[in-house]
Amino acid sequence: MNTNYLFSALIIGSALFWQSCGSKDGAQQQQGAAQGQMATPVTTTMVEKQIVSGIKSYPASVVPLQEADLMAEVSGYVTKIYVADGATVKQGQPLYEIDRIRYQAAVDQAKANLEIAKANLQRVEKDLTRYQTLAEQDAIAKQTLDYALTDVNNQKAQIQAAQAALTTAQTNLERSIIRAPFSGALGISQVRTGALVSPGTTRLNTISAIDPIAVEFQISEREISEFAAYQSGKSSTEISVSLPDRTTYTHTGKIATMDRAVDPTTGRLKVRASFSNSQNDLRAGMNLTMNVKSTSASEQLVIPFKAVQDQLGVYNVYVVNDSSQAEIRPVELGLKLEDKVVVNSGLEAGNKIVVDGILNVRSGAKVVEQPAAQDTPQK
């Protein structure tokens, strides 16, 4: 009997021990779960609508309003280069000279041929006059008079041919000197003195107009009416560019040209603004940032910029739902306004969004509002 009582006591004691341990583990699990569901403290704000005015920025590049390749128009050796590489030149200024000796000789020969043709015309005209006198007296055959008249007409044609040959020779002589087709800046010469050039195939240099100059950028389809109003003068704006060193160019510009059609693959339209460039600070091909001051025609959604998360170019915002849970929303941003930004899509007016504490928030997590941090006044 004593042995049975002892065995029963051991079983009961073991059961009580394991029940006690299980109760402690369950309490710890419940406490851990409660801790896992603790709300993340954040500050929030409501999405608002307002008329906005700010700066729109676009990638841009400098494009000359006029640019041309200078090609050789006659063949020969380059005998003279009048200007240095990169020089600024005026319209009509001589730039290159191609060996002129044979072209001058061709002009002299054409002039001589023209004089011969004129002399021959005078001779046959005198013959015609004599034959006409004799024909009135029936002293010669009518056929002889006809031949004399034909000779006069043929010689007049010879004069026209000689005059055309002289014009061609003079044109070739003039083209042996390459002149600037318009005022602008030259590039680096592609040939040097002594080089053999051929007409239409040898590029001597490139010239670009520098003042005024254009800056080209692209806008979206939604902005076409806005920029069309800027171009026509119906709306006013301020247009400036930021240089590669992040300084602002001294002169402001104006919308000069809008392309005829939208690129269907990108939904964007090319726009050109013109700028004064007397010092040639804006060089063809430079990459700039175009800044256009813009005021919205209607109210836009506006949120604090620090509420936006940038994940490899994808912008997200945490929206707090009625259950105080944070939901991540992708958004499309618009105009930047100091510490705020316009939202083109992804949010609605009245949405509550997380502003401070977004680094600690995860989608679906509970959040709790806390007062926004305020600066403590200095004593």
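**Exercise 1. Contacts along the chain**

Determine what share of the contacts between residues at least 6 apart in sequence join residues at least 24 apart.

*Solution.* A contact requires heavy atoms within 4.5 Å. Among such contacts between residues at least 6 apart in sequence, 76% join residues at least 24 apart. The structure is a predicted model, in which local features need pLDDT of at least 70 and side-chain atom pairs count only at pLDDT 80 or more, whereas totals for chains, interfaces and linings use all residues. Residues are numbered from 1 along each chain as its sequence is written, and side-chain values use heavy atoms, with hydrogens and water left out.

**Exercise 2. The span of helix 3**

Compare the expected span of helix 3 with the distance between its end C-alpha atoms, and state which of its residues are buried.

*Solution.* Step 1: helices (H or I, at least four residues) and strands (E, at least two) are DSSP runs, numbered from the N terminus; the chain has four helices and 23 strands.

Step 2: the expected span is 1.5 Å times one less than the number of residues. Helix 3 (residues 142-175) has 34 residues and should therefore span 50 Å; its end C-alpha atoms lie 50 Å apart, in agreement.

Step 3: buried means under 20% relative accessible area, exposed over 50%, and partly exposed in between (1.4 Å probe, protein chains only). The buried residues of helix 3 are Leu145, Ala148, Val152, Gln155, Ile159, Ala162, Leu166, Ala169 and Leu173. Their cover includes helix 2 (101-136) and strand 8 (177-179).

**Exercise 3. An aromatic pair in helix 4**

Classify the pair formed by the rings of phenylalanine 227 and tyrosine 230, and describe the buried residues of helix 4.

*Solution.* Step 1: rings of Phe, Tyr and Trp (its six-membered ring) pair if their centres lie within 6.5 Å; planes under 30 degrees apart count as stacked, over 60 as edge-to-face and the rest as tilted. The count by this rule is five aromatic pairs.

Step 2: the ring centres of phenylalanine 227 and tyrosine 230 are 5.4 Å apart and the planes stand at 75 degrees, so the pair is edge-to-face. Both residues lie in helix 4 (residues 224-232), three residues apart, about one turn of the helix. Ring pairs link Tyr58, Phe217, Phe227 and Tyr230 into a cluster.

Step 3: the buried residues of helix 4 are Glu226, Phe227, Ala229 and Tyr230. Viewed down the helix axis, these residues fall within an arc of 150 degrees (taken from the directions from the axis to the C-beta atoms), so they line one face of helix 4. They pack against strand 3 (53-63), strand 12 (213-220), strand 14 (254-258) and strand 16 (287-295).
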